[in-house]
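Colleague: Please take a close look at one part of this model. I would like the interface side of things, told in one go.

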Amino acid sequence: MLKHVFATLVSGSLILGAAAAQAQEAITGAGATFPYPVYSQWADAYQDKSGVGLNYQAIGSGGGIQQITAKTVTFGASDAPMTKEELDKNGLLQWPMVMGGVVAAFHVDGIDGAINLDGKTLADIYQGKISRWNDEAIAKLNPDMELPDTKITPVYRAEGSGTNFLFTHYLSQVSQDFANTVGEGKSVAWPAGVGAKANAGVASQIANTNGAIGYVEFAYAAQNDLHLVHLKNKAGKTVAPDMDSFMAAAANADWKNAPGMYLVLTNQPGDNSWPITGASFILMHKQVQNVDAARQALEFFDWAYSNGDKMAKELDYVPMPKNVADMVRESWSEIKGPNGEAVWKQ
Amino acid sequence: MATPQAIQTGGGLGGLSEATRKRLQRKARIDVWFERVLFAFAFAVLLLLGAIIASLIASSWPALERYGLEFFTENRWAANVEVFGALPAIYGTLLTSFIAIVIAVPISFGIAIFLTELCPNVLRQPLSTLIELLAGIPSIIYGMWGMEVMAPLLRTWFPSVFPAGTGLATAGIILAVMIIPFITAVSRDVINTVPAVMRESAYGLGCTTWEVARRVILPSVKRGLVGGVVLGLGRALGETMAVTFVIGNNLFLNPTLTGQGTSIAALIANQFSESDGTQRSALLALGLILFLITFAVLAFARYLLRNSTGRHA
């Protein structure tokens, strides 16, 4: 009896092993954690259709850039774009794959619903210059609101992340002082407040602290019912963070004139634009050795541009507009195999 | 016990039969190899330690060379502008461990003395087991508990001391809870080694329980107790996950007890995965510093122990 069970187990594991070996025909990629949920959703659907799987390691944007530079993966993914010079130095091609918004959330006992802020005030709060919720600057933006004399506790992401990059990039654009003393980056030294780990840590710190304000990815805020901050955008209009205002920011983005597609979508013009929007990027080598692997990856991205919009929206990501997707497809002609022939053919 | 060499030379074995001598020689050869293998195991640890230090120094060299003394005097760690000051992290590491030891040592010794001297027999085993269970809880659980339960409680009870709930002192308290089971377990075991006759004679002379604990038990096992404390301190210095959750992760030097700060382990855990170039090298230099701090603490404990042996007898 036992022998029988053992034999079944062994043969079963052999079959599974064979299946696993077959599944090695997968696209390999590594990088940003922010788009990971939507990439894996796309990959699932794509595998059902085409049989080609995706092996994506969400190790962080920095890790993704390292892996693609070392050529250990077919594509890398990063939330912070690389500049044209960096791309040329490493022979890489870059394009935006999906977009998302970063939103500010707060928790003040006595304030229900939303509160209005502008970029300058937000930067001052995060520098510790505004430390009470009934500060004049906040009161002026919320004339009809009764603001309590509660201490403000700014909450930030402690670990290096693309969310940090987008948020500090925005604050650096709207406040010269912030740009000089703190600056933009994936890890910065915040002069005031508390650092929490990941979106979940920030959300929980906000929920637990009366007077806290923090920033998280929109997808996370939407799923956790946080009180959101409405921000005054570049056009001077106060907008609520939602799919429409992210789309508006994305629609105004001028990808065509961005060298190397280096574009951070913070502080975009337009009446309805949410000011802290950003794209997540894919990186691939222009000169590839393994033509089949590169073609498989491009076929997957092509499929995701054409069929992935609904899935992205369900997960609160913003899909790339069609004209941008077409532009990206055109840029793929720069990816060439060892014989100099383009890997991607329309 | 004859040494293998003596057997192999066969000098003293003249009177034995050929077969017996061969058997003895074979056993001696096995013994020689046994010793060699054990030596290799022990030596491998040394080799590994040396290799770790060497690779840490090699990979942190670019940052140390570039920043020099600045690495230890700069008061903030701002990766985006490439300003790397190790001071906030060193301060946080030492302070949180110090707070943890100050809280944990008296409590642990108290528990250990209670368990060995005062505890009713029925309770002894269950209590010991519970404390050992505490030692088995993964540190991420302590971190989540600290963030979700303890920090909010501290904020509600002492809003002026813990305005955010998190901070250096909060991390120290969590660390204390984490190392109490270690120190307690070691202390209980060493106190158990005190011969019953010593206690009984002390009680017989009319000592109170306090006097027996203070004058007889603690001095006679001082060595073992310090060993337990060092074990706890070692864990506190390197603890990462739980600390990251509650320390506040502020990268400026904030020389207060309850302010927001960071520790070496927490800073490395937060930034390592997204780092490259100079930042990665600087983080590895932090690792080297943590290594040296731990080393220095252990050496200091050894030194204390050596000086205390006089009272042992």
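The reply below covers the interface of the two chains, then the domains on either side.

Modeller: This is a predicted model, in which local features need pLDDT of at least 70, side-chain atom pairs count only at pLDDT 80 or more, and totals for chains, interfaces and linings use all residues. Residues are numbered from 1 along each chain as its sequence is written, chains are lettered from A and ligands numbered from 1 in the order in which they are written, and side-chain values use heavy atoms, with hydrogens and water left out.

Start with chain B against chain A. Chain B brings 29 residues to the contact and chain A brings 33; contact means heavy atoms within 4.5 Å. The two chains bury about 2200 Å² between them. Carbon and sulfur atoms account for 45% of that. Buried area is the accessible area (1.4 Å probe) that two parts lose on being put together, summed over both. On the chain B side, B:Asn80, B:Asn270 and B:Glu274 lose the most area to chain A, together 28% of what that side buries.

B:Glu274 also appears in a salt bridge, with A:Lys186 as its partner. Their closest N and O atoms are 3.4 Å apart. The rule finds one salt bridge across this interface; it asks for a side-chain nitrogen of Lys or Arg within 4 Å of a carboxyl oxygen of Asp or Glu. Polar contacts number 18 residue pairs between chain B and chain A, both residues at pLDDT 80 or more. Such a contact is a pair of N or O atoms within 3.5 Å; within protein, one must be able to donate a hydrogen and the other to accept it, and residues adjacent in sequence count only if both atoms are side-chain atoms.

Several elements of chain B give two or more residues to this side: strand S1 (77–78), helix H6 (139–157), helix H11 (241–246), helix H12 (264–271) and helix H13 (277–312). Helices (H or I, at least four residues) and strands (E, at least two) are DSSP runs, numbered from the N terminus. H6(B) has the largest share, four residues. By class, the chain B side has 11 nonpolar, 12 polar and six charged residues. Here Ala, Val, Leu, Ile, Met, Phe, Trp, Tyr, Cys and Pro count as nonpolar, Asp, Glu, Lys and Arg as charged, and the others, Gly among them, as polar.

Now look inside chain B. Its domain assignment gives domain 1 (16–67) and domain 2 (71–305), with bounds from an automatic or database assignment. Their C-alpha centres lie 33 Å apart. The contact joins 13 residues of domain 1 to 11 of domain 2. About 1100 Å² is buried there, 74% of it on carbon and sulfur atoms. B:Leu56, B:Leu64 and B:Tyr67 supply 47% of the area that domain 1 buries, more than any other three residues. One salt bridge crosses between these domains. B:Glu82 pairs with B:Arg66 in a salt bridge, closest N and O atoms 3.0 Å apart.

Chain A is also assigned two parts: domain 1 (2–100 + 277–334) and domain 2 (102–251). Their centres, over C-alpha atoms, are 31 Å apart. Each domain puts 15 residues into the contact. The buried area is about 1300 Å², with 73% from carbon and sulfur atoms. Salt bridges between these domains number zero, and so do residue pairs in polar contact, counted with both at pLDDT 80 or more.
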